[in-house]
Amino acid sequence: MPKFYFRVIMCMLLCLFTQTIVASPPKKIKGKVVRIIDGDTFEVLVKKETFRIRLSAIDAPEKGQDYYQKSKQALSDLCFNKIVTVELLRKDRYQRWIGDVYSSKGEYINGWMIAGGHAWHYTEYSKSAPLAAAQATAKRNKLGLWKQAKPIAPWEFRSAKNKNRKKKAA
């Protein structure tokens, strides 16, 4: 019987410890943006450590896609060489940090990119009503990439590109 109680107590402690880790708030970092990679990814320098950040809830045009350079420039204008605060949410499969990014004035950069028509609201990963509304407004007002006759979402562009690669390989 003592082994049974020991196991139960150990299980409870493990569950409690796991809940503490899972329930912990996201980590925030503050640093200088030192490199813009594209319209939804940049590098930020914190002390002597560089973090690669992928803006959460948005998807910007891919290299080779219409509006790629303008989207990248919009992100650059907003935060390159400036201090930002990043709420680190998790790492993606490429080991980039997914994060919510705020300017030194507290502006939500992820939302600004959508509201200005520089990126799509990435609804596969975000159900945010304010971001959906920001995209609808940008689209209605034909801002940024919404000026194009038929803008292609980055995930569709990537999918088509991958299909073409598979056809060439076959």
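**View 1. The largest nonpolar core of this predicted model has 26 residues.** Look for Phe42, Ile53, Val84 and Ile109, the residues with the most contacts inside this core. Plenty of elements chip in: strand E1 (27-38), strand E2 (41-46), strand E3 (49-55), helix H2 (68-79), strand E5 (83-91), helix H3 (109-115) and helix H4 each supply at least two of the core's residues. The largest share comes from H2, which gives four residues.

**View 2. Here we zoom in on Phe42 and its contacts.** Skip the neighbours within four places in sequence, and which residues is Phe42 in contact with? From the stretch before it in the chain come Val33, Arg35, Ile36 and Ile37. Then there are Phe51, Arg52, Ile53 and Leu55, along with Leu75, Val84, Val86 and Val101.

**View 3. A second core sits separate from the one above.** This one has six residues, among them Tyr67, Trp120, Ala138 and Ala153.

**View 4. Gln148 is in the loop between helix H4 (129-140) and helix H5 (154-169).** Is Gln148 buried, partly exposed or exposed? Its relative accessible area is 22%, so Gln148 counts as partly exposed; the cut-off for buried is under 20%.

**View 5. Now for the company Gln148 keeps.** Leaving out neighbours within four places in sequence, Gln148 is in contact with Asp66 and Tyr67. Tyr67, also part of the second core, is 81 residues away from Gln148 along the chain, yet their C-alpha atoms are separated by 8.9 Å. Closer along the sequence, check Leu145: its backbone oxygen lies 3.1 Å from a polar atom of the Gln148 side chain.

How values were computed: Residues are numbered from 1 along each chain as its sequence is written. This is a predicted model: local features need pLDDT of at least 70, side-chain atom pairs count only at pLDDT 80 or more; totals for chains, interfaces and linings use all residues. Side-chain values use heavy atoms; hydrogens and water are left out. Buried means under 20% relative accessible area, exposed over 50%, partly exposed in between (1.4 Å probe, protein chains only). Contact means heavy atoms within 4.5 Å. A polar contact is a pair of N or O atoms within 3.5 Å; within protein, one must be able to donate a hydrogen and the other to accept it, and residues adjacent in sequence count only if both atoms are side-chain atoms. A nonpolar core is a set of buried Ala, Val, Leu, Ile, Met, Phe, Trp, Tyr and Cys residues joined through side-chain atoms within 4.5 Å.
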